[in-house]
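Dear colleague,

I am handing over the structure we spoke about, and I would ask you to look through it before reading my notes underneath.

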Amino acid sequence: MPSTPKRPCPRCGRLVLGGGRCARHARPSARERGYTPEWAPYARAWLARLPFCGQRQDGRFYTEHSWCVRRGLRVPARVVDHIRSLASGGALLDPANHQSLCASCNTKKG
């Protein structure tokens, strides 16, 4: 039976079975990144109220992190993004620190 080929870790180039990141560069769990059990229902409610990429608390569309808004597109959001990351001191449940983003814009933001 053929095995999956090893692929390089995108951070260091070390070959990893099945691709993705090596153990040294693996992403921490949501809990380790500061997310609490309150986050998931909060994020679902946020996206129900503000369902498009680039929307913020006031319902308006912002171009700062949304390439979709810059191009004049209305794309469904899939992620509630922290404008200022938790690692940089952003608050977990502060609506002023959140925006709706599609997966592509969230990835581009980094």
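Among contacts in the protein chain between residues at least 6 apart in sequence, what percentage join residues at least 24 apart? The share is 44%. Please keep in mind while reading that this is a predicted model.

I begin with the overall build. The protein chain contains 3 helices and 4 strands, and anyone following the sequence meets them in the pattern β-β-α-α-β-β-α. The radius of gyration of the protein chain is 17 Å, whereas the globule rule gives 13 Å for 110 residues, and because the value is well over that figure, the chain is more spread out than a compact globule. Measured out along its principal axes, the C-alpha trace spans about 50 × 30 × 25 Å.

Next comes the surface. Of the 110 residues in the protein chain, 28% count as buried, and the accessible surface comes to about 7400 Å², with 53% of that area belonging to carbon and sulfur atoms. The protein chain also carries 20 positive and 6 negative charges, and the mean positions of these two groups lie 11 Å apart.

The cysteines deserve a careful look. A disulfide is a covalent bond between the sulfur atoms of two cysteines. How many disulfides does a search of the whole structure find? The search finds 0, and two of the cysteines help to show why. For Cys53, the closest cysteine sulfur is the one in Cys105, at 3.7 Å, which is too far for a bond, since a disulfide requires the two sulfur atoms to be within 2.5 Å. For Cys102, the closest cysteine sulfur belongs to Cys68, and the distance of 3.6 Å is again too far for a bond. Cys53 counts as buried because its relative accessibility is 1%, and Cys102 counts as buried as well, with a relative accessibility of 6%, given that the cut-off for buried is under 20%.

Finally, I would point you to a serine that touches two of these cysteines. Where is Ser66 found? Ser66 sits in the loop between α1 (39–49) and α2 (67–70), and with a relative accessibility of 0% it counts as buried. Leaving aside residues up to four places away in sequence, Ser66 touches Cys53, Gly54, Leu101 and Cys105, so that you can start from Ser66 when you look for Cys53 and Cys105 in the model.

With best wishes

Terms used:
Residues are numbered from 1 along each chain as its sequence is written. This is a predicted model: local features need pLDDT of at least 70, side-chain atom pairs count only at pLDDT 80 or more; totals for chains, interfaces and linings use all residues. Side-chain values use heavy atoms; hydrogens and water are left out. Helices (H or I, at least four residues) and strands (E, at least two) are DSSP runs, numbered from the N terminus. The radius of gyration is taken over C-alpha atoms; the globule rule is 2.2 Å times the number of residues to the power 0.38. Buried means under 20% relative accessible area, exposed over 50%, partly exposed in between (1.4 Å probe, protein chains only). Contact means heavy atoms within 4.5 Å. Accessible areas come from the Shrake-Rupley method with a 1.4 Å probe; for residues, only the protein chains shown count as cover. Lys and Arg count as positive and Asp and Glu as negative; His and the chain ends are not counted. The place of a charge is taken as NZ of Lys, CZ of Arg, CG of Asp or CD of Glu.
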